Structures are given as C-alpha cells and as structure tokens.
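Please open the structure in your viewer and keep the selection tool at hand. The stops below take you from one strand to its surroundings, and then to a helix in another chain.

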Amino acid sequence: MAETAVLAAGFIDLTPEGVNIHCGEALLLDGGRIAGFVAERDLPDEITRIAFPDAFCLPGLVDTAFLPGLIVSETGARPETYGQSAWAAKGAADRWLSSGVTTAASMGGAERLDFDLSRCVLARKLSGPRIVPALSPLVPTGAAKFHRLYGVREVSGRDDARRVARELIKQGADRIVVYADVPLEFHPDPFETSRHRLAFSADELAEIVMQAAQAGLFVHAQAISSKAIDVCITAGVRSMGCAFGLSEAHLPLLAQKGIALAPNLALGATISELGPGAGFPAGAVSMVAAQRIRPDLLLQAHEAGVQIICGTNTAFLAGDVARECLELHRAGLGPADVLRAATGHAAHALRPSPDFGAFRRGWAADMVITRRNPLEHVEGIGEVHAVVSGGEVIRG
Amino acid sequence: MDTLIRTSTLIDGTGAPARHGWSLLVRDGLIHQIGPDADFAGAEAAVIDLTTGVIVPGFLDVHTHFCYIHEAGFQQSAQHPNRAAMLLAGADNAAEWLHQGVTSTRLVGTPFDMDIELRSVVRGEKLPAPRMACAGRMMTMVGGRRNAWDFMKEEINGADEARRWTRAHLGRGADLVKLYCTTLLEENVADYLARALALPDDAPDPGRWSSLTVEEIRAVCDEAHKVGRTVAAHVAPTFGIKLALRGGVDTIEHGTVLDDECIELFLQTGATLVPTLSVMHYQMTHGDALGLPPVFTEFARRRWDSQVSMLRRAADAGVKIATGTDAIIDGMQYYDEVELLVDAVGLAPMDALLAATRNGAGALGMAGEKAGTLEPGKFADLVQLNGDPLADIHHIRDIMTVVQGGRVAAVPDRASGRGHRGHHG
C-alpha cells in the first residue's frame, strides 16, 4: 500500500522507446521506492500528498564523475589535508543534492573518503546524493603526478592490476575508475603536455575489467589520447570520460561495444572561465581549455548510437550536472537526449541493474522538480524547485 | 576597533567575589582592561550590552572526544572507522559544546589524529567551536591496544622509543600528549567487572593490568614540556596514578581510586585531577536505556559513592580539580560535570565554577595561557547566564550568550536545540 503520492504539472518519464509525459497522474511512493503512476482522481483520501502543481518532475539526476577529494570549499579554499577535503566534500554533497543530483558516482579520493561519505549519506549523517564509491583511481606506475588527495594507486602489469582490482573490490568499491593515460608532466604548451603520456596496456585494463565484471562492477576510464581510447575500447570498459582524442573511427566501436561517453564538457568550459587564477598548473588549464571533444563529433557519436552520459568531473563550485546538460545541448543533443544522459543512461553506466534513474516500480523515489519544462528549456534543469531523495523531500 | 562589554554582575574566575557594574575593554580578542564602568567613560568602542544576568568566564572542558563515534570506539571491532563521519560528528559536537558555554577544550585522544584535522577545518572554515587543544592518537605500552582496530593508540616500549614517538607526534601537530598509562589486559571487560563486583571493596583489584614505566612517562613529559606542551595520563588503578604523577604528567584523567599517597603526590607535583564524573554517572543512570550490559551499570553504581568521597577528600586537601566530561556516550552534556561537583561531591558552587574555568587552563598547555579567567591579557571568552551560579549551580544551563574573543559566538536556542542537546556519535 503506497504511503505518499507526488503530484506535479507533468512527470517526464524517459523510456528507451520515447518520452512519456504523465499529466493528471500522481506518482505513488512506498518506503522510499516508486510504486507506480495512478490517475490523480483515483487517489485515496487518506494518502499523503506532496504537490508541486506548477512544476515538472523528472528522475533524480546522476553525476557519473563526482570528484570529492579535491572539491574547492565554499570559502574558495583548495583542500590540503584529508580533513579539509572531507569538509569541502560535505559541502559539495549538500550542494550537489540541492541541485538535483540524487546519485553521484565518485572518481575516487584519498584514504577512502568517498566510501566513508557514502556510508554517512546512508546513515543520514550527511545530506548528499547516494554516492557510488570508487576508492582509489588507478593510474599507470610513474604517472602519479596527481594531487595527494586524489588518492591514486599506481599499477603496473597484469598481475598487479588483478591484485589492486581485487583489493578495491574487497574494500568496498562500487565501481573502478582508471586514468588510462596521464601526462608525464604539465607543460605551458598544451600540446606538449599531451604529447608524452604514460598509459595502460590493453592487457592491464582488460584484467581490471574482468575482475570488476566478476564482482558485478563496471570500469570507468578517463582517456585523453586516441591511442588510450583504442586501449579502453579493446579492454571493454563500460564508460569513458574526457576522450579528447576521439575520432570518427572510434564511434562505431563505441556503439558496438556499448561504451558510454562522458565528455565532461562543463569541466573544460568552467576551467576556461576560471582561468589559471584558479590555482591549476598553467599547462593543465590550457590543455583542458584547448582540447575538447569536437561538438560535431559528439553529435555524430550520439547519432551513431553511442550513449552519452553526464559527468561533472570538476572540483569547482560552478561545475554541476545542469551545466553539463547545457553544454551537451549546445553541442547539439536534443532536450530528451540530454535528460537521458543525466538520468537513465548515466544510471546504466554505473550498475548493470540500477535501481535509480527512472520512474520504475520498485526503483528509488529520487526526483528533481523544476519550474520550467526541461524538454522545452534545457536550462530549466538548473532551476530546481525541489528535490526528492529516497522519497524524502530534501528541498522545496 | 575595540569592543566594550558592559556587564551588571561579573565573576572573573580568579576566586574573587562577584563585581558589580564592571566592563571589559577588548582589543584583538583579548581583554585589554577590566574595571568599574566609570573607567571607560568616553572609550571609543563598539558596545556589547550584557547588563542582564551574571557573567562568568567561558567554560573549559579539558577531557572531551568530539570526534568519538561508536563505530570508531576503541572497544569496538569496527574494521574501518569512518573518518568522514568522525569529522562531521566532531564539527557538530564542537558547535554544541560552544553553545553550552565551553569556549576552550582539550581533545584527549582521537583515532587517526582526526581532532587535529578538525582543528584545521574549524580554523580554515571559521566554524563555531571552542578553542581546541588536540592530543591526536594516544601512546600506550606494548600490548596496550585493545585489538587490531584500536586506531586510538600506538604502542611503545622503552624510554628512547617514548621520546622518539613524542617528538614525532608533536611534529604532527599535537598540542598535548595523551598517555594510556594503564591498560586492562582482559579479553572480556564484562567478565573482569563481574569478578571485581564479587570481591569486597577493600580487596586488591582482580584485573590483569599493564602500565607504562616511570622512565617512559618521564621521557614523554621531558619532551613535551620542552616545547610548552602538556601530558595527560589516563589511569585507572591506584598504582598507575602514582606512576604517572612520579613521571611528571600534568593531569590525571579519571583517577578513580585515590589513596592518601596519591593526594600527597598531587600536592607535591601540582598536577590537576580531571575526574570525568559525568561519564560514570551517565553510565550509572542511563545504562539500561543505552543497552549497556548490566554489569557495567552495576559496577558504576558500586563505585560511585567511594569515588565521590575520595574526590571530596582530594578537594579538601587542596588538589586542583578541573572539569572534563569524557563525552563518549550519546546524550551527555557539559553541564552535568559541573553540577555533579556540587550535587554529588559537595563542592561549593564557587569551587565548581573554578573547576570549570581557571583550574583547567594549565591543562591546556600553551592554548591555556590566556584562558580560564577574565583578566587583562586573557581571552575575552565569557558566558552570560540568566541567573547566579553561586546561588544555584544549575543556572550554568541557562545560557543567554556565549562570547569568544570579544565577539558573540553563540546564542543557545531552545527551538533549534542548540545548547540543549547532548553529545552524539
């Protein structure tokens, strides 16, 4: 028996077949889960109603690249210690949730930060989205020129890859994140920065993918160069981020192997806007600013059947899924495809059988309520009126 | 710009009687001048009007564990204490303690040095919190860790190792060193308590105890004192109290069983006793509701009377007593510790107030030089109470305003619960 009914001007239900807009219907919730749609006029009197009569309701947003370890705090300070990092991530978790993100897949963080945060959210000690922890992102040995708070682990060789993957799974990772290729050093010339990159072999990545698959987990890869993208495709990762070196030749392979693409467009846009003053190495800023997936190529990828997904991958206050949606729309994706990238497609890139990201019976009652219809105004995704997470109204 | 804090009745925490119609001139967070209102005629300063109620110095809780969460409790077998949860709980407990009038604290033992992390976050983010002197992880003897997941402590063996560990730990940012001087090497604490309960009160302690040596303790104190830091000693049995005092520690934590020789050693060394009455009392009065094994509650009840009478004897002899809550059980409040000193131990309200203010300052080490009393050169940390605590100590609960560094830092609020909640973990 449903306990609660959510009422809205319209529910935007994105199915693989198309877009259903439920008007005059209420969404029934039971124990934080979705129980189904019912006509408003058939609602029993005794049911608790949560009404947003002038607003639109879509499934809670999913960020596939939440970066808790290095989040810049609300005072603008970049964290230097675990404690500062955890505190900044606390603020970020709350902001992400308030912006409609009800699931955030971590890119990893030092000292189990994302895992601990995920447990804090579950225990209701922290206001934030459901966090899918990755623990330590993996990089090729020698390429660990990351900030300590990324918490990266170096891997070299197939045996090492197997051992590290097993350890991460044992320690509670719900996804594995790899940086497929990493620059040896940052150089003021962005093309110099990206010229010499240490990279995983297909064997190493394939071993990680296999270990993850046995545990029912997916592997997400950040890949920059064209060659690294080749390796990720060969190894069969589930999703790929950045992918600056993407070419036409990759598109049919991505579609065929079901590898989702997270272009992290908001990252480049935000870094360009903030510029070197934000405290990043000059080479990193100019590289990210100079190298992005060509918009025409992104559209081609979409038309070739590659699933596009949202991932912020940013430590900035400005970075959020709404911004990523807007950038995807600017690149040519239609509103419904943008919404799929931010909900169902993203959810399926995180788990083989997700229970969030769509209005399905038995799935988590996660939703974001916007004043404007995002199918007509994509920027409306950022105008959040209310957020419901696990059936609980968080804001609004 | 200077700040002038006007008061009606002011107790300065030195032991002097209450002053009437005095003001404090605050400059850079410190008391610049204190005296009758007439002394400040024409002073150019922003005014904080606290002319209702009674003003007392900000309280000091010199034995707390803000970041203590049950999952990380050293008696639990949690494989991976949640460090993020420790930090979040720490920030919340710190804000709550400030609202309870505690303007300075000593955090005496936190796994992974999370209190030092918390201090850095509090400073960086300017969060509402008491000033914090942090011990980080504790030192104990080989075998002193309760189990493989006891991340609260590190083990040493010998004076050289103790000295090396102390130097390294001070280098990690600790404001004081917390020694777990004596530890009970019992697999099953409940079983030990049951054995102790079966014996007469004057029988020797039936536990298997291990302790740091005087030489080890002395090496720690030597290194800490060189750099103005203090040493706090957790001790339970009587022999441990004597060892720790002979080793030169600054404070004895808990000190449950004191004999005449202990009292004499306190007086000789000038060490401070932090009896942490409220944790035992809370266990005794709330144990059943908290689901503690009955033997814990029964043991606390059995020990209570002798504990408070020993404490009274120590106080009468002139041992310096300071308040520390050891708040590790959900629901505990700072106020309890001060009230118990009057209600259970029988101290005069002024003595309880001094235990809550002046007496704890030395325990804070460098952080305490400017805490505890309202005198020129000290922190302008004070609490406005809606009632005279010397007439009824329970008025310490009735806080109107908390001032820290000359600024209004907290205003307890019944609606939000701030200032009226308990510790949570």
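**A strand and its neighbours**

Begin by selecting Ile369(A) together with Ala386(A) in E18(A), since these two residues stand opposite each other. The model you are looking at is a predicted one. Now widen the selection to strand E17 (residues 367–370) and strand E18 (residues 384–389) of chain A, which run antiparallel and are joined by four bridges. Next, add strand E5 (residues 48–59) of chain A, which pairs with E17(A) in the antiparallel sense, again over four bridges; here Pro59(A) is the residue that stands opposite Met367(A). If you turn E17(A) around, you will find both of its faces covered, with Met367(A) and Ile369(A) buried on one side and Val368(A) and Thr370(A) buried on the other.

**Where two domains touch**

Colour chain A by its division into domain 1 (4–59 + 360–395) and domain 2 (61–350). Between them, 18 residues of domain 1 of chain A are in contact with 18 residues of domain 2 of chain A. On the domain 1 side of this contact, the largest share, three residues, comes from E18(A), and by class that side has 13 nonpolar, two polar and three charged residues.

**A helix in chain B**

Finally, select helix H5 (residues 214–226) of chain B, whose 13 residues should span 18 Å at 1.5 Å a residue, and whose end C-alpha atoms are indeed 18 Å apart. Its buried residues include Ile217(B), Val220(B) and Cys221(B), and what covers the buried residues of H5(B) includes helix H3 (159–171) and strand E14 (230–235) of chain B. After H5(B) comes Gly228(B), with a positive phi near 75°.

Key: Residues numbered from 1 in each chain as written. Chains lettered and ligands numbered in written order. Predicted model: local features only at pLDDT ≥ 70, side-chain atom pairs only at ≥ 80, totals over all residues. Expected span 1.5 Å × (residues − 1). Buried ≥ 20, exposed ≤ 12 C-beta atoms within 10 Å, placed from the backbone. Contact = placed C-beta atoms within 7 Å. Pairing = 2+ DSSP bridges. Domains from an automatic or database assignment. Nonpolar A, V, L, I, M, F, W, Y, C, P; charged D, E, K, R; others polar.
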